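Trainee: I would like to go through this structure by question and answer. Where should we begin?

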Amino acid sequence: MSKLGVVSWGAYIPRYRIRTEEVSRIWGDDPLRIVDMYLVDEKSVEGIDEDAVTIAVEAARRAIRRGGIDPRRIGAVYVGTESKPYAVKPISSILIDALGLTNNVFAVDMEFACKAGSDGLVAAIGLVEAGRVEYGMTVGTDTSQGEPGEHLEYSASSGGVALIVGKDGVAAELEAMYAFVSDTPDFWRREGSPYPMHGEGFTGEPAYFRHVIGAAKGLMEKYGYKPSDFTYVVFHQPNGRFPVRAASMLNIPLDKVKPGIVVTHIGNTYNASALMGFAKVLDIAKPGDKILLVPFGSGAGSNAFVFTVTDVVKDRQKAGVPTVEEMLQDKILVDYAQYLKMRKMIKLFE
Amino acid sequence: MKHESVPIYWRNIPQYYRLVAKRCKKCGTIYFPPVAKCKCGSVELEDYELPREGRLLEYTVLYQVGTDFLKQKPLVLGLVELDGGVKVSGQIVDARPERLKPGVKVEVVFRRVVVDGKHGLVMYGYKFRPVERL
Amino acid sequence: MGRHYSKNIDDMAAAVLDKAIADAKADIEALYVASSTTELANKQQLLGVYILEALGLDGIPVYRVENGDGSGGSAVAAAYHALRAEEYNCVAVVGVDKPNDVLSNQQQDIYATTLDTYFERYFGFTPLSQAALMAKMYLKKYEYRYEDLAQWAVLMHNRGAANPYAYFRKPIKLEDAVNSEYVSEPLRLYDVGPLADGAAAAVLCNNRRDGVRILHVATATNPTPFNLRQDYDRLVSLEKAAEQAYTKAKIAPRDVATAEVHDSFSIFGILALEALGLARRGTAPLVVKEGNAPVNYSGGFKARGNILGATGVYQLVEVAWQLQGREFKRVDGSYGLVHSMGGVDKISTIVLMGL
C-alpha cells in the first residue's frame, strides 16, 4: 500500500489579543498568580465579523495554497468544532463553496470537544487509505467560550488549522495511530447553554492525563516506539502546564515539546490547539524528523499519531503562506470592553 | 416569521465567497459585478475568479451607517485594485483607519457581512485587510 | 419641507397639487408622480391613484416614475415627452417623499437601494460613502484643503436664507462647517443635504403663453459600476445630458442665469458646476468661493433640503420662479436649468427652461 500522510497544512489566528492582566483586572484575580497557574500571557480574540466558519475558511485556503492543490481533487471535508454558529447547519458545506470544491465531496461536521479536528484527520486518513478519495481535508476551528469571571476565560481563544491528507506530495507520512477514549465527563456544554461547565481538578488526572498518556503510551507500546525516536512531541494545550507535565510523565525531554507550544501566546484554540502546535512544528521540521501528535478532547478521549517528515516539507515551507510564528507576532491588543463587543457577548436587540 | 431572503444571498455565493467575475472570451474584458453581455457585443463570457491580493486605492470612514451595521460603526469602506488591474470595492477590516493610505497592500478575507438576527441566516462575503498589521 | 409627522404622503402631495392646478387654472389630463420612498418608507404603491382620491379627481391616467433621488427630473422628462408627442394638452407633475417617517438608519438603508444592492448596499456602502471617496480623491487631485470644499455649504446657506421654503434659512460661517462632525471622512455634517419631508407640484401645458417655457429635457445614464469607473472627479451622466441639452436648445453655459443642481452632497455640487461648463475642471471650489456663481439660489439640497425623489419637481418650480421673479429675486437672464440626478452619477436629467 502506498504511503499516505499530510500533504499540506494551513493555520489562521485572528489578529486581536487580550492580555491576562486585562481580564484579571475586571474579575479581581491576581494576574501573577493566574499566569503562574496557566502560563498564558495573552489569548487570541476573533474580530466582530469573524466566527468558526470564517476562521475555517482562512485556514483551509492557506492549506490549499501551500500545497498547490487543485481544490477539485479534494473528496472529503471534515470540520471539528465546538463553537458552530448553528446547532443545525454544517460548516463543511460552506467550505465546499468557499474553497471551490466539486459537489462530489463527503462532508460532515464533527463534535468531540477539542479532539474533533483530529477525528476528521482519522476519517480523512481512512478514505484516502482505502483509495476512495484522492485528498481529504480536516479543519479544527473554534471561537471557544469561557464563562466571564471564571478561569476558563483566561485561556478560551480562537483559531483554526486545516490539514490535507493524501498519497501524492506527502510532506509528513503517517506511520501509526491509536486512540484512548472513555466516558469521563470532565468538561461539557449542554444544548442551549452559552458556556461550558468543567470539573476543575477533575479535568487533570482522570481526564487530560489519563487519556493523553493512555493514547501516547498505547501507541508506543503497540508499535514499539521510544521517546528518543521523536524529534517533536505535540500535545493538546489547554494551558502551558499540562503539556509539560504530560511530557515528564512520559519521560519525553522538554526541548522536544517546547517548539510546539503556542498556548502561552494565544491561549487554547480548542480544536485548533494541538493541530496549531503541529503546524508550527511542520513550519520548521526537517526531512526525517518524527513527530508524535496527541490531541485530546474532553468527554474524554485522545488520538495519537506518528508522522515522519519527508523531503516534500521543504517545498511546503517555501510556499509563501503565513507561518504560525509569523501569526503569533501579528497582533493588535484590545481591552475587555472591545473583547466583549467583538465576541458578541453584549446583549443587544435581536 | 419574517427573515431576510435566502435566495438573494445564496445565488450570489460564487461572487461573495470566491469573487467569481465574468471575462469576455472575445476581448478579455473582466466584469465584476458580472454582466450578461460585454461592451464589445459578445455574449461569450466565462467565469473567472479574481486574484486575492491587491492595493488600496482610497478609503473613507463611514459613521452614518445603515441598520445592519449600527453595532460595527464606523465602517471603513474602500476601493481596491486587485493584482491584474480589476478594481473592486468593499470593507477594509483589521486595520486602524489612521494608518491606512493609498498603496497599502491588501488581501481578500472571508468574513461575516450581515447576521439576520438571533434566528436567521449568517451571511458571509469578501472583505479586505492589510497584509501587514496596521 | 421638514418634518411633517402629522401628514400622510398622499395628503401632502394632494395639497400641493391642488394649489398648482388652481394656480395654473388648467384641466390636467394625466398625473406624473415622482417619489423615491413611497414604497419603502410608506408602504404605498399606486401612490398617484390615492392622490387623485384625496382630491376627488376622476379617471385620469397616473404614471409613477422612479429613478432614485432623480425621480423628480425623470417625472418631468416623462411629462415633457408626452406633451411633445401631443398626447395631452396639460398634465401635472407632483413629487413627494417622507424620509422622516422612518429612523435615520432606515433612511440610509433606503437611500442605499440606489446603489448596487448585491455588491454595494450589502457590504455597507451608502451614497454618502461613495460621495466621500469621490470628495477625497478630488481634494487630493486638485490639491484643495477641506476648507475649500466647505465653501459650498457657506454659499448654500447664504442663498437658502432668501428662500421662504427652505429647511434651513440662516447663513453659516465657514468655521461652522469645518468644525462639524465627520459623517464619512472627509465629508462632514455640513457636506450633506439633510433629508426632509416635502411635496412640490407643477402643471405643464402645451399651447399656453403664460408661465415659463421648457425648451428641452435631456436624460443620460452612466451605467458603469462605481468600482470600475475611470474617473472619480466627473459626473459623466450629467456631462452627457448637458451636452445634449445645450446642443438641442442651442445655448451655451454662459447663457445660464440660474442652475439648480443636485448637491445631495457638497462634492456633487462642485462636480455639477464643472460638468455644466460653469467652471473649468478642477476649479469649481474657487468659483464657489467668489460667491457669484448662478447656482442653487434656493439654497440647494444643503439648505433647501434633500426631498429625495421629489426634489426634481422642487427644482423645476424654483427655476421657474427665479426666472419670473416670483418668491425669489428675479435672476438676470432668460435661461435656467434643473439638474436632477439619480444615485451616485447613475442618471442625470437636465431641464432647460426659458422665458
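Mentor: With a term: the domain bounds used here come from an automatic or database domain assignment. Note also that this is a predicted model.

Trainee: How far apart do the C-alpha centres of domain 1 of chain A and domain 2 of chain A lie?

Mentor: Start with the division of the chain. Domain 1 of chain A covers 5-171 + 314-342, and domain 2 covers 173-312. The distance between their C-alpha centres is 16 Å.

Trainee: Which element gives the largest share of the side of domain 1 of chain A that touches domain 2 of chain A?

Mentor: The contact involves 52 residues of domain 1 of chain A and 45 residues of domain 2 of chain A. Elements giving two or more residues to the domain 1 side include strand E1 (5-12), helix H5 (116-129) and strand E6 (135-143) of chain A. The largest share, 6 residues, comes from H5(A).

Trainee: How many residues on that side of domain 1 of chain A are nonpolar, polar and charged?

Mentor: The side in question is the one where domain 1 of chain A touches domain 2 of chain A, with 52 residues from domain 1. Its residues divide into 21 nonpolar, 19 polar and 12 charged.

Trainee: Why does the radius of gyration of chain A agree with that of a compact globule?

Mentor: Chain A has 350 residues, and buried residues make up 53% of them. The C-alpha trace spans about 60 × 45 × 40 Å along its principal axes. A compact globule with 350 residues would have a radius of gyration near 20 Å, so there is agreement with the value for chain A, 19 Å.

Trainee: Which strands stand at the edges of the open sheet E3-E2-E15 in chain A?

Mentor: This sheet has 3 strands, and its pairing is mixed. Strand E2 (residues 16-19) of chain A pairs with E3(A) in the antiparallel sense over 4 bridges, and Arg19(A) has Glu42(A) in E3(A) as its bridge partner. Two strands each have a single partner, so one side of each is left without a neighbour in the sheet. These edge strands are E3 and strand E15 (332-333) of chain A.

Trainee: Which helix of chain A gives the most residues to the largest nonpolar core?

Mentor: That core holds 265 residues, and among those touching the most other members are Met137(A), Ile291(A) and Val93(C). Leaving aside neighbours within four places in sequence, Val93(C) is in contact with residues including Tyr32(C), Ala75(C) and Val313(C). The helix of chain A that gives the most, with 9 residues, is H3 (residues 52-67).

Trainee: Which chains share the most contacts?

Mentor: There are 2 pairs of chains in contact. Chain A and chain C have no contact joining them, and their closest C-alpha atoms lie 12 Å apart. The pair with the most contacts is chains B and C.

Trainee: Which element gives the largest share of the side of chain C that touches chain B?

Mentor: The contact takes 28 residues from chain C and 23 residues from chain B. On the side of chain C, the elements that give two or more residues are helix H4 (104-111), helix H5 (117-121), helix H6 (127-141) and strand E4 (182-185). The largest share, 6 residues, is that of H6(C).

Trainee: What stands opposite Leu62(B) in E4(C)?

Mentor: Strand E4 (residues 53-62) of chain B and E4(C) are joined by 2 bridges and run antiparallel. Opposite Leu62(B) in E4(C) stands Ser184(C).

Conventions:
Residues are numbered from 1 along each chain as its sequence is written. Chains are lettered from A and ligands numbered from 1 in the order in which they are written. This is a predicted model: local features need pLDDT of at least 70, side-chain atom pairs count only at pLDDT 80 or more; totals for chains, interfaces and linings use all residues. Two residues are in contact if their C-beta atoms, placed from the backbone, lie within 7 Å. Two strands pair if DSSP finds at least two bridges between them. The radius of gyration is taken over C-alpha atoms; the globule rule is 2.2 Å times the number of residues to the power 0.38. A residue is buried if 20 or more other C-beta atoms lie within 10 Å of its own, exposed if 12 or fewer, and partly exposed in between; C-beta atoms are placed from the backbone. Ala, Val, Leu, Ile, Met, Phe, Trp, Tyr, Cys and Pro count as nonpolar, Asp, Glu, Lys and Arg as charged, and the others, Gly among them, as polar. A nonpolar core is a set of buried Ala, Val, Leu, Ile, Met, Phe, Trp, Tyr and Cys residues joined through C-beta atoms within 7 Å.
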